[in-house]
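Thanks for asking me to look this one over. My notes are below as numbered points, to be read with the model open beside you.

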Amino acid sequence: MLIDADPPAMAQSCKDCRHRARPGHAEPGYCAMRIDTPHAYGPGHPLHLLPEDGGASCEHFEEWT
Ligand code: SF4
């Protein structure tokens with residue numbers, strides 16, 4: 001007898017987050033929310049590099065709806 005298992009939970013990712021910014025369609029893009037990662041284009045720039053874990057443990061993740 002087969003038992004239906006729940007599908008594995010999808011890990012959250014910057015790619016699904018509304019705070020990811022992609023000026024000029026840049027890949028993988030930048031974060032417009034976090035300030036604890038390096039600035040994208042130098043001091044004072046509002047965008048920051050995405051975290052090394054791709055957002056998997058980010059507390060600011062917000063999925064596009
Ligand atoms: S770092 Fe966090 S807030 Fe920024 S794009 Fe990734 S998941 Fe979203």
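1. A word on terms before anything else: strands here are DSSP runs of E with at least two residues, numbered from the N terminus. With that in hand, H25 can be placed in the loop between strand 1 and strand 2. Please keep in mind throughout that this is a predicted model.

2. Secondary structure. The protein has 0 helices and 3 strands, and reading along the sequence gives the pattern β-β-β. The 3 strands form an open sheet in the order 1-2-3, with antiparallel pairing. At its edges are strand 1 (20–21) and strand 3 (48–49), each of which pairs on one side only.

3. Pairing of strands 2 and 3. How many bridges link strand 2 and strand 3? There are 2 bridges, in the antiparallel sense, and strand 2 covers residues 30–31. If you want to find the pairing on screen, start from C31, whose bridge partner in strand 3 is H48.

4. Overall shape. The radius of gyration of the protein is 15 Å, whereas a compact globule of 65 residues would have one near 11 Å. Along the principal axes, the C-alpha trace spans about 60 × 25 × 20 Å. Of the 65 residues, 14% count as buried. Among contacts between residues at least 6 apart in sequence, 37% join residues at least 24 apart.

5. The nonpolar core. Which residues make up the largest nonpolar core? This core has 6 residues in all: C14, C17, Y30, C31, L47 and L50. C17 also deserves a look for its contacts, since leaving aside residues up to four places away in sequence, C17 touches G55, F61, E62 and E63.

6. The ligand. There are 13 residues around the ligand, and those that come nearest are C14, C17, C31, G55 and C58. Several names return here: C14, C17 and C31 belong to the largest nonpolar core, and C31 is also the residue bridged to H48. By class, the shell around the ligand has 8 nonpolar, 3 polar and 2 charged residues.

7. The loop between strand 1 and strand 2. Two backbone features here are worth checking by eye. Most residues other than glycine have a negative phi, and most peptide bonds are trans. H25 has a positive phi of about 60° although it is not a glycine. The peptide bond joining E27 and P28 is cis, with omega about 5°, and P28 lies in this loop too. Is H25 buried or exposed? H25 is exposed, because 6 other C-beta atoms lie within 10 Å and a residue counts as exposed at 12 or fewer.

8. The loop between strand 2 and strand 3. Two residues serve as examples. I35 is found in this loop and is exposed, with 8 other C-beta atoms within 10 Å. I35 and P46 are 11 residues apart along the chain, and their C-alpha atoms are separated by 8.4 Å. G42 lies in the loop between strand 2 and strand 3 as well, and G42 is exposed, with 7 other C-beta atoms within 10 Å. From G42 to E27 the C-alpha to C-alpha distance is 18 Å, with their positions 15 residues apart in sequence.

9. The segment before strand 1. What is the exposure of D4? D4, which lies in this segment, counts as exposed because it has 5 C-beta neighbours inside 10 Å. P8 is found in the segment before strand 1 too, and P8 is exposed, with 6 other C-beta atoms within 10 Å. E52 makes a handy reference point for both. D4 and E52 are 48 residues apart in sequence and 35 Å apart in space, C-alpha to C-alpha. For P8 and E52 the values are 44 residues in sequence and 23 Å in space, again C-alpha to C-alpha.

10. Where I would look again. My own short list would include the cis bond between E27 and P28, the positive phi of H25, and the residues that come nearest the ligand, among them G55 and C58.

Key: Residues numbered from 1 in each chain as written. Predicted model: local features only at pLDDT ≥ 70, side-chain atom pairs only at ≥ 80, totals over all residues. Near = placed C-beta within 6 Å. Nonpolar A, V, L, I, M, F, W, Y, C, P; charged D, E, K, R; others polar. Pairing = 2+ DSSP bridges. Helix = DSSP H or I, 4+ residues; strand = E, 2+ residues; numbered from the N terminus. Rg over C-alpha atoms; globule rule 2.2 N^0.38 Å. Buried ≥ 20, exposed ≤ 12 C-beta atoms within 10 Å, placed from the backbone. Contact = placed C-beta atoms within 7 Å. Core = buried A, V, L, I, M, F, W, Y, C linked by C-beta atoms within 7 Å.
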